[in-house]
Amino acid sequence: SPHVAYANSKACCVLLADGLKAREPALSVAACALPGRCATQIVRYELPQRAAQRLTMSDEQIEKQARTLGLRTAAQGSALPVWLADSSEAAQTPDTLWLDP
């Protein structure tokens, strides 16, 4: 199932980060695995019609659709990994599960 494969890939990211930290304790490792459900092209495998629809939509239309469906936009979903990559706070607090900036 695509859902199981996606969930497994996210779990592997966390396990890889944990394994790297155990192998190289001096590394500062953060695993970002929870951007939330986002209105992106990830749906192309299960909902190809929705993916095709989004290709024709403006950013404003995608934002409205995301709000209506209770999703995050791609920008909102990417905010956490971008923040983690640039955050001095995150670098100083290893072994933390970050859910939102």
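This passage describes the largest pocket, a nonpolar surface patch, the cysteines and the salt bridge of a predicted model.

The pocket makes a good starting point. Rolling a probe the size of a water molecule over the atoms reveals where empty space remains. In this model, the largest pocket has a volume of about 700 Å³. Its lining is made up of 21 residues, and those closest to the pocket centre are His3, Tyr6, Cys38, Ile42 and Val43. Both α1 and α2 contribute to the lining of the largest pocket, each with at least two residues. Helix α1 gives the largest share of that lining, with five residues.

Two of the residues closest to the pocket centre, Tyr6 and Ile42, turn up again on the surface. Together with Tyr45, Tyr6 and Ile42 form a nonpolar patch there, and the accessible area of the three adds up to about 350 Å². Ile42 sits in the loop that runs between α1 (2-23) and α2 (48-55). The relative accessibility of Ile42 is 43%, so this residue counts as partly exposed. Ile42 thus has a place both in the surface patch and among the residues closest to the centre of the largest pocket.

The cysteines come next. Zero disulfides are counted in the model. Cys13, for example, takes part in no disulfide: the nearest cysteine sulfur belongs to Cys12 and lies 7.3 Å away, whereas a disulfide requires the two sulfur atoms to be within 2.5 Å. Cys13 is partly exposed, because its relative accessible area is 40%. Cys38, one of the residues closest to the centre of the largest pocket, has a relative accessible area of 17% and is therefore buried.

Charged side chains complete the picture. Side chains of opposite charge can pair when their charged atoms come close. The count for this model comes to one salt bridge. In that contact, the side chains of Arg67 and Glu63 meet at 4.0 Å, taken from N to O. Arg67 and Glu63 are four residues apart in helix α3 (residues 59-69), so about one helical turn separates them. As for their surroundings, Arg67 is exposed, because its relative accessible area is 57%. Glu63, with a relative accessible area of 41%, is partly exposed.

Technical notes. Residues are numbered from 1 along each chain as its sequence is written. This is a predicted model: local features need pLDDT of at least 70, side-chain atom pairs count only at pLDDT 80 or more; totals for chains, interfaces and linings use all residues. Side-chain values use heavy atoms; hydrogens and water are left out. Patches are made of residues with over 30% relative accessible area and no salt bridge: like charges are joined within 9 Å, nonpolar side chains (Val, Leu, Ile, Met, Phe, Trp, Tyr) within 5 Å. Accessible areas come from the Shrake-Rupley method with a 1.4 Å probe; for residues, only the protein chains shown count as cover. Buried means under 20% relative accessible area, exposed over 50%, partly exposed in between (1.4 Å probe, protein chains only). On a 1 Å grid over the protein atoms alone, a cavity is a set of points where a 1.4 Å probe fits but cannot get out, and a pocket is an open set with protein on both sides within 12 Å along at least five of seven lines; lining residues have an atom within 4 Å of a point. Grid points are joined across faces, edges and corners, and a volume is the space filled by probe spheres set on the points.
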